[in-house]
Amino acid sequence: MTTLLIVDDDQFIREGLKRLINWKALNIDVKLEAGGAYEALELMELHKPHIVLTDIRMPKGNGLHLIEQIRLRKWKTFIVVLSGYNEYAYVRQAMKFQVEDYLLKPIDASELTQIIVSCTERVEGQFIAEQMQRESFQLLKNNILLRWAQNRIQNDQLREKLKFLQLPLLMNENYQICLIDWSNPQEGELSRMEEQFRSFAILNSMEEALHETGRGITFLNEQRQIIVLFADEGTDTEEFNINNLHWMDDIAQRYGEILKTPWNNYFGKVITLPQQLHESYSEALASCNHVVVDDAGILSQNPITRKVESYILKNYSEELSLQLLSMRFNVNNVYLGRLFKEETGQYFNDYLNRIRLSNAKKMLVSTALKASEIANAVGFLDPNYFFRKFKKVHGISPSDYRMSAKK
């Protein structure tokens, strides 16, 4: 609800204004009133009203002084001036301080209503704009911190971005990543709404806890897992690690019970240089995913590319592309391609072709299907392309490979 402060040295006028129009119908809360500028400023310090309706000439601090102080303090208050017929000189001075409008006494109810409606609309618009700005800032902060953790930002850019975000994180001596995962394999697939609830509930809890203690900062990765970045100026490395472990155990127990959600902490190693942060993050990810690099043919440690690899291994015969997979796993296709190369050491198309050719070799030995039929069965739409790729990789044609395998 929009709050309003009425400032007039005449109590009867203040009472009359409160009864003049239906304030509740305009979503206005009229609880504040003052007899002059000095009293009004005290109330504004405490309550920060959205709109001020003020007289100009008052013995206990005039309206011009009040308006000037509001603007000097950079409060985003909407101001409406009340004036008499012989006070135009004061009104002109008030206009210099960006007042919304002025009303001549006696006040006309319909005119006051129109002005207040205009102010409330602008208050709502201002709130929406500020909310969007906050959300945009949060998104920028999250993206920069995640790029740092993933080693996808240059040191000079990182320094510049953190300075802009007013995050003094580069002058510490110890850093450590803790990854909070809220999934439980026994639950099966969660709804998107449940995933968002768990993720942001834990994120908000961690933001509150870290703000109170000054231990570090928290943000999200692409899987909505929560990343906690601990930073310390001079504690012994081992002590720093132990303190973080105990503190996170306590946090998980307390908040996990309150939020009624799974809460598992996975730590990376303590590092001493900001540019090594990705090492701690990678170790935390590996711990979370229980990674064995060559397990089931999956090469990568990143949870996104692991899911992509797993999907390819099961669905290699279907139409697959970076574009389709990026849509399926809700990630940018350019970023996915670069990440896939970094994690597997192979370009996406080369990896996909290797999986398809590997399965084609098995089918050449175990079935009587024609090579062209096998090509189609493993996902190659053009048999000629399949023949060229097979010979380039294995040095012989599919038919020759079948013959040599039978011998």
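Select residues 174–181 and 226–232 in this predicted model. These are strands β6 and β8, which pair in the antiparallel sense over seven bridges. For one register point, display I180: its bridge partner in β8 is I226.

Next, extend the selection to the whole sheet. Four strands form it, in the order β7-β8-β6-β9, with antiparallel pairing, and the sheet is open. Its edges are β7 (216–220) and β9 (264–267), each of which pairs on one side only. On average, neighbouring strands of this sheet are turned by 25° against each other, direction ignored.

Now add the helices that contact these strands. Select residues 192–213 to show helix α7, which lies across β6, β7 and β8 and runs at about 170° to β7. Then select residues 237–259, helix α8, which packs on the sheet and touches β6, β8 and β9. The direction of α8 makes about 25° with that of β6.

Keep both helices on screen and turn to the contact between them. The axes of α7 and α8 are 11 Å apart, and the helices pack at an angle of about 135°. At that angle α7 and α8 are therefore oblique to each other. Their crossing is right-handed. To see the side of the contact contributed by α7, display F197, A201, I202, S205, M206, E208, A209, L210 and T213. From α8, the contact is made by W247, M248, I251, Y255 and L259.

Move next to strand β3, residues 51–55. Is this strand enclosed or not, and how many of its residues are buried? Five of the five are buried, so β3 is largely enclosed by the rest of the structure. Colour the two faces separately: I51, L53 and D55 lie on one side, V52 and T54 on the other, and all are buried.

Two partners of β3 can then be added. Strand β1 (residues 2–7) pairs with β3 in the parallel sense over four bridges, and V7 stands opposite T54. Strand β4 (residues 78–83) also runs parallel to β3, joined to it by five bridges. Here L53 stands opposite V80.

Finish with the cysteines C119 and C178. Buried is taken as under 20% relative accessible area. C119 has a relative accessible area of 2% and is therefore buried. C178, with a value of 0%, is buried as well. A search for disulfides in the model, with cysteine sulfur atoms required to be within 2.5 Å, gives a count of zero.

Conventions
Residues are numbered from 1 along each chain as its sequence is written. This is a predicted model: local features need pLDDT of at least 70, side-chain atom pairs count only at pLDDT 80 or more; totals for chains, interfaces and linings use all residues. Side-chain values use heavy atoms; hydrogens and water are left out. Two strands pair if DSSP finds at least two bridges between them. Axes are lines fitted to C-alpha atoms, for helices over the stretch in contact, and angles run from 0 to 180 degrees between N-to-C directions. Contact means heavy atoms within 4.5 Å. Buried means under 20% relative accessible area, exposed over 50%, partly exposed in between (1.4 Å probe, protein chains only). Angles under 35 degrees count as roughly parallel, over 145 as roughly antiparallel, 65 to 115 as roughly perpendicular and the rest as oblique. A crossing is left-handed if the near helix is turned anticlockwise from the far one by less than a right angle, and right-handed if clockwise.
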